[in-house]
Structure formats: structure tokens, C-alpha cells
Amino acid sequence: MITMNTKAFGTQSATAPLEKLNIQRREVLPEDVEIDILYCGVCHSDLHTARNEWGGTKYPNVPGHEIVGRVTKVGKNVTKFKVGDLAGVGCMVDSCRTCESCKEGLEQYCEQGNTGTYNGHDKHSGTHTFGGYSERIVVDEDFVLHIPDNLDLAATAPLLCAGITTYSPLRHWNVGAGMKVGIVGIGGLGHMAVKIAKAMGAHVVVITTSASKSEDAKRLGADEVILSKDEPQMKVNARTLDFILDCVSAQHDINAYLSLLKRDGQLTLVGAPENPLPVAPFSLIGKRRSFSGSLIGGIAETQEMLDFCGQHNITSDIELIDMQDINNAYERLLNGDVKYRFVIDIASLKNMVK
Ligand code: NAP
Ligand code: ZN
Ligand code: ZN
């Protein structure tokens, strides 16, 4: 297999900072698209993985799965993209394509495991995959998305993970007009969930630990805000919500949030803290409540979400950073100090001399 030397940024261990390194990308195969990466969002999953918080991280690790750029080369069998097109890549770059889930367009739940954009098993190279903190990526066209051309490109990058991860469960649980929907944790995922749930017609209630985000929540589209550290506020709002999307990255008491659900309400977890979240049986039993989870979204649904965001003019609120700022950005992410997504300007990596 012919490979190309590619500039990237990543880490050699769970405790080392991210730094410049070189990786190999394959030359386009007949079904592949080569993308010159322009912007890459910074997801909390990047941090969980770089620091091996979920276990199983292979090093060197190059994170990044909110990728937008321009097509620079296509393989001879490619039909969906041409050189010069805008293109996006999200959290996966391949799957078995033959199992029940894949056949239903739910490649994220592939029975063989989907191939993660980073830290996945690359069936072409035999090693692991490298993500979007890099100057280019080569991906099978079936896992590449079309980007609406009316949206700001840097602010569109976070749709590729934060957008689809929140859109998919909101759609699955039929969120829309007449529903009171709570969004917990107003970070990258949560702020997208607020915008998308609002566009779907729901009454949106932000549930945050940060007083500083209360004001902003209304600007993002929230109808109401609950400060979760304020017990009286939580009590007053008990049994008022039909659906809750939990986007929290750290340990938290799930029972406190379940208490906000009406009878037969549903709480779906997309946040992925490293340790189990204990559920008190009576948080569920007492009001026939359900507790579920959801993983990103399939490729067709990701395209549907991008088109939906194009139609509704929805993008992420971002802070554009240079590649060399990434270690500081991770610390700020841990402190909840981002409104609401860091996006890396990949030009800063391309311009690095050493
Ligand atoms: P993020 O930007 O860091 O946002 C997380 C938010 O959680 C914070 O802004 C904060 O919101 C809230 N929070 C933090 N610590 C908390 C605590 N101790 N108690 C209550 N709330 C707390 O992270 P993200 O990129 O949105 O990702 C969120 C989580 O989703 C991560 O675990 C990530 O790995 C996971 N994820 C899952 C999927 C999936 O497919 N299921 C996909 C992508 C990411 P407030 O300030 O409003 O309280
Ligand atoms: Zn992500
Ligand atoms: Zn499959």
C-alpha cells in the first residue's frame, strides 16, 4: 500500500501532552476520497481517549472526529464526490456493512464494531486509525458527508459529532411540538441539543451547573433554565419533563435528573463519564420512567442532520484555536470553560515548521 507522510498532532501516552508528529495516510484506493482538512472540532471524547479514561487507547493517539475540509483527490470508483467539494467526516470511517445494524443504516451499532475515526482498527493498514488533528485524511466515500454551503465552515465542524449525537436521540424519541425537553450539561453536545430541540419545535429546558450559562441559554433557544445545584429549583421542577438528554462528561447523580421526569418520561444518556452512574430503583419504578443511551448516529441520519441544520441555519458557537493551543483547551474543557466548542484551525498545523 502506498502511503503519504502527513503532519498531525497527538500524544504518545495518557499523561503526555499532545505534540506534533508524523503519521502515514494511505494513497486513495478506488473507493476513497482524500480530504484536505480545514477545521476540526474538539470533542470531550478526544480528551477521554487521549488520556485513556475509557481504557483501550492505542498510542500514538491522534484525536479529532469533527472534520470538515475540501476534497483533493478521488479514487476511480468514487461517484458521490469530486475534487473541490466540501466534505465532512464524523466519528466513524467504516463498518462491516453486512450485519443487521449496518443494513438498517445504523452503522454506529455495527455488530462487528464500527471503525472509529481514531483509535479504531484500520483494516487497510492493519494498525489503528488517526483522527482529524491532521492536515489530511483518506476515507471511503460511503463514510464521507456533504456539507451545506450556506453555513460557516468552522462552526459546522462540531455538527459531525456534537450535532449528530444529539439529533439522533431527539429524533428517535420523537421530540417535537408539545413536548417539554430537558437538556443537561451545556457543553459542546448540550448547546447543540438546545438548538436542535428548539428547531424541532419542543419547549426546551436547560439544566446546568453553571450560573454563567443561564443567561446564554435563552440566547441559544432555551425557554427555561434550571440551576441543578439549587435544590429548591430542582424540587419545584420535579415531574415536569417528558424527555431529558443527558450530555454530561463527568460523574453526576443521575437520580436527581430522573426526578425531573413526568410519569413515563425518558432520560437518554449520551454523556460518557468513565465510571458507572448508580441508579436508585425507585427513581425509575415510582413513575414508570425509562433510562436509555444513544451512540452518535448512522451515516444517512448524519446527512439528514446536516441538511436540517442547513435549512434551519444551525451551527455551533465556537472558539477558534490554533493547534498549539490544544493542551490548554483540554484543561479549559475540564473546567467547563468553553462557549461552546473549540475548533482547531488546521492551517496552524500546516504552517508549523517543526
Ligand atoms: P463538554 O463540552 O466538556 O460538556 C460537558 C458539560 O457537562 C459541561 O459543559 C457541563 O455543563 C457539564 N458538566 C461537567 N461536569 C459536570 C458535573 N460534575 N455535573 C454535572 N454537569 C457537569 O463535553 P462534550 O464534548 O459535550 O461531551 C459530553 C460527553 O458526551 C462526554 O463524556 C463525551 O465523551 C460524550 N460523547 C458521547 C457521544 C455518544 O455518541 N454518546 C458522542 C460524543 C461525545 P454545565 O456547565 O451546563 O453544567
Ligand atoms: Zn465526539
Ligand atoms: Zn455491521
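User: Are C43 and C161 buried or exposed?
Analyst: In this predicted model, both C43 and C161 are buried.

User: Which protein donors does the zinc ion (ligand 2) have?
Analyst: The zinc ion (ligand 2) is bound by C43 through SG, H65 through NE2 and C161 through SG. These donor atoms lie 2.0 to 2.3 Å from the zinc ion.

User: And how are those donor residues spaced in sequence?
Analyst: The spacing for ligand 2 is C-x21-H-x95-C. C43 and C161 are 118 residues apart and link distant parts of the chain. C43 sits in the loop between β3 (32–41) and α1 (44–50), while C161 sits in the loop between α3 (153–156) and α4 (162–172).

User: Turning to the zinc ion (ligand 3), what are its protein donors?
Analyst: The SG atoms of C96, C99, C102 and C110 serve as donors to ligand 3, at 2.3 to 2.4 Å.

User: What geometry does that site have?
Analyst: The site of ligand 3 is tetrahedral, with angles of 102 to 119° among the 4 donor atoms.

User: What spacing do the donors of ligand 3 follow along the chain?
Analyst: They follow C-x2-C-x2-C-x7-C. C96 lies in the loop between β6 (92–94) and α2 (100–103), and C110 in the loop between α2 and β7 (115–116), so this pair ties together parts that are 14 residues apart in sequence.

User: Why does C96 count as partly exposed?
Analyst: Its relative accessibility is 22%, and the partly exposed class runs between 20% and 50%.

User: And C110, what does it count as?
Analyst: C110 counts as buried, because its relative accessibility is 7%, and buried means under 20%.

Definitions and conventions: Residues numbered from 1 in each chain as written. Chains lettered and ligands numbered in written order. Predicted model: local features only at pLDDT ≥ 70, side-chain atom pairs only at ≥ 80, totals over all residues. Heavy atoms only, no water. Donors = N, O, S within 2.8 Å, 3.2 Å for Na, K, Ca; no water. Helix = DSSP H or I, 4+ residues; strand = E, 2+ residues; numbered from the N terminus. Buried < 20%, exposed > 50% of the residue type's maximum accessible area, 1.4 Å probe, protein only. Tetrahedral: all angles 85-135°; square planar, octahedral: opposite > 155°, others 65-115°.
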